[in-house]
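Biologist: I should like to learn how to read the features of a protein model. May we go through one together?

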Amino acid sequence: MSKIAWIGLGHMGVPMSRNMVEAGHTVRGYDVSETAREAARSNGVEIAESIADAVRDVDAVFTMLQSAKVVEQVVTGPDGAFVHMPRGTVVVDCSTIGIDTARSLAQTAKEHGVGFVDAPVSGGVQGAEDASLTLMLGGDIDHVAVAEPLLKSVGSYIVHVGPSGDGQAMKVVNNALMAVGMATACEVSVLAQRLGLDPQVYFNIVTRSSGDSWVFRNWFPLPDVVETSPASHGYEPGFMIDLIHKDLRLATATAAEFDVRLDTAAAAQKLFADASAAGAGERDCTGLAVTLGANVEKATVSA
Ligand code: NAD
């Protein structure tokens with residue numbers, strides 16, 4: 001069994017680090033939020049006082065943080081993981097940070113005598129709870145060989161896609177598909193309501209018809225139809241509007257760089273940007289339906 005550090009104990013980091021503990025690993029965690037630290041502590045994660053404290057003496061460092069900027073802060077710089085973790089060990093970053101950041105962090109890691117694997121995930125909080133995440137890995141074969149056996153405790157489909165950044169490349173395309181699907185599911189569900197369609201009948205028919213998708217099935221955006229959807233739990237995240245918006249930004253910026261049209265993703269990006277500007281950025285992404293006018297009067301909607 002291994003000794004690992006887990007930095008970022010949010011919606012995904014708490015269940016993922018808990019699965020690491022349950023697999024028998026010793027997990028030392030760190031998060032800037034006391035609420036997050038407390039949630040992880042109650043799962044058997046030892047809480048460290050700083051990043052330096054979390055990463056000393058470990059076999060590998062896992063990060064699960066909001067954005068490229070936060071991951072850069074946590075791993076680089078005088079107080080960061082690269083300086084304080086043992087030489088020869090590896091950072092496995094499960095966050096969604098984009099291709100260029102992953103490649104540049106892998107280079108910086110090399111200069112510090114450590115490794116960096118981009119290992120973004122798909123499957124949402126439910127997948128994190130069930131340890132059934134899909135993980136897409138980018139990095140050197142030696143570093144991936146350290147990450148892969150450990151990741152078996154949090155995921156069920158783990159693929160080494162290619163060199164550094166290729167895990168993030170796969171995540172960019174997956175999440176462009178997912179986020180456009182989410183935006184469409186929210187818009188069309190508001191229309192279904194306006195047409196007076198019963199939400200349960202609408203769900204039952206679409207999930208047996210050509211409009212079906214993973215997003216529609218798992219993150220159905222109207223309340224009280226899919227028990228595990230955040231829509232049935234006051235639109236509490238789950239996967240925040242600000243994070244799906246970040247993923248669409250990564251997708252449209254990457255497409256622009258490669259001179260590829262991604263107009264539907266750009267339209268979805270605008271819808272989530274508007275929802276965020278209206279104050280719903282920390283609501284679950286299914287909550288776009290509320291911003292678009294869904295009637296959820298029977299459900300409790302979080303701020
Ligand atoms: P989150 O905001 O719930 O968790 C991030 C955590 O990082 C928070 O607890 C925050 O306090 C902590 N943090 C911020 N700055 C820090 C710092 N400097 N040091 C230590 N901790 C710090 O986000 P999440 O939903 O868990 O998502 C994490 C990543 O996973 C994101 O990149 C997201 O895009 C990706 N992702 C999320 C989901 C999902 O369904 N939530 C699914 C797949 C991928």
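Modeller: Let us begin with a term. Buried means under 20% relative accessible area, exposed means over 50%, and partly exposed lies in between. Please keep in mind that this is a predicted model. Arg41, with a relative accessible area of 37%, is therefore partly exposed.

Biologist: How many salt bridges does the structure hold?

Modeller: The structure holds 13 salt bridges. The general idea is that a side-chain nitrogen of Lys or Arg lies within 4 Å of a carboxyl oxygen of Asp or Glu. Arg41 serves as an example: the side chains of Glu38 and Arg41 form such a bridge, at 2.5 Å from N to O. A second bridge joins the side chains of Arg41 and Glu34, with 3.8 Å from N to O.

Biologist: Where do Glu38 and Arg41 lie with respect to each other?

Modeller: Both belong to helix H2 (residues 34-41), and because they are 3 residues apart there, about one helical turn separates them.

Biologist: Are Glu34 and Glu38 buried or exposed?

Modeller: Neither word fits, and the middle class applies. Glu34 is partly exposed, at a relative accessible area of 42%. Glu38 is also partly exposed, at 40% relative accessibility.

Biologist: What is the case for the salt bridge between Arg56 and Asp53?

Modeller: The side chains of Arg56 and Asp53 meet at 2.8 Å, N to O. Arg56 has a relative accessible area of 37% and is partly exposed. Asp53, with 21%, is partly exposed. Elsewhere, salt bridges that share partners join Glu34, Arg37, Glu38 and Arg41 into one network.

Biologist: How should I read the surroundings of a ligand? Which residues come nearest to the ligand?

Modeller: One starts by listing the residues around the ligand, and then asks what kinds they are. Here 27 residues surround the ligand, and His11, Met12, Asp31, Leu65 and Lys246 come nearest. The shell consists of 15 nonpolar, 9 polar and 3 charged residues. Domain 1 (3-163) and domain 2 (169-299) each give at least three residues to the shell.

Biologist: Which polar atoms of the protein lie by oxygen atoms of the ligand? I should like to know about His11, Gln66 and Thr96.

Modeller: For each contact, one notes whether the side chain or the backbone takes part. In His11, a polar side-chain atom lies 2.6 Å from an oxygen atom of the ligand. In Gln66, a backbone N or O atom is 3.1 Å from a ligand oxygen. In Thr96, a polar backbone atom is 3.0 Å from an oxygen atom of the ligand.

Biologist: How much of the ligand does the protein bury?

Modeller: The ligand taken alone exposes 830 Å², of which the protein buries 91%. The elements that give two or more residues to the shell are helix H4 (68-75), helix H7 (124-130) and helix H12 (241-257).

Biologist: What does the side chain of Ser17 contact?

Modeller: For a side chain of this kind, one looks for a polar partner. A polar atom of the Ser17 side chain lies 2.7 Å from the backbone oxygen of Gly13. Ser17 is in helix H1 (residues 13-22), and with a relative accessible area of 0% Ser17 is buried. A second case is Ser232, in the loop between helix H11 (214-218) and H12. The side chain of Ser232 reaches the backbone oxygen of Val226 at 2.8 Å, and Ser232 is buried, at 17%.

Biologist: Which peptide bond is cis, with omega near 10°?

Modeller: One reads omega for the bond in question. The peptide bond from Pro237 to Gly238 is cis, with omega near 10°. Gly238 lies in the loop between H11 and H12.

Biologist: What is phi of Ala131, and what is phi of Asp259?

Modeller: Here one checks the sign of the angle and the residue type. Phi of Ala131 is near 55°, a positive value in a residue other than glycine. Ala131 is in the loop between H7 and strand S8 (133-138). Asp259, likewise not a glycine, has a positive phi near 55°. Asp259 sits in the loop between H12 and helix H13 (263-280) and is exposed, with a relative accessible area of 73%.

Definitions and conventions: Residues are numbered from 1 along each chain as its sequence is written. This is a predicted model: local features need pLDDT of at least 70, side-chain atom pairs count only at pLDDT 80 or more; totals for chains, interfaces and linings use all residues. Side-chain values use heavy atoms; hydrogens and water are left out. A residue is near a molecule or strand if one of its heavy atoms lies within 4 Å of it. A polar contact is a pair of N or O atoms within 3.5 Å; within protein, one must be able to donate a hydrogen and the other to accept it, and residues adjacent in sequence count only if both atoms are side-chain atoms. Accessible areas come from the Shrake-Rupley method with a 1.4 Å probe; for residues, only the protein chains shown count as cover. Helices (H or I, at least four residues) and strands (E, at least two) are DSSP runs, numbered from the N terminus. Ala, Val, Leu, Ile, Met, Phe, Trp, Tyr, Cys and Pro count as nonpolar, Asp, Glu, Lys and Arg as charged, and the others, Gly among them, as polar. Domain bounds come from an automatic or database domain assignment. Buried means under 20% relative accessible area, exposed over 50%, partly exposed in between (1.4 Å probe, protein chains only).
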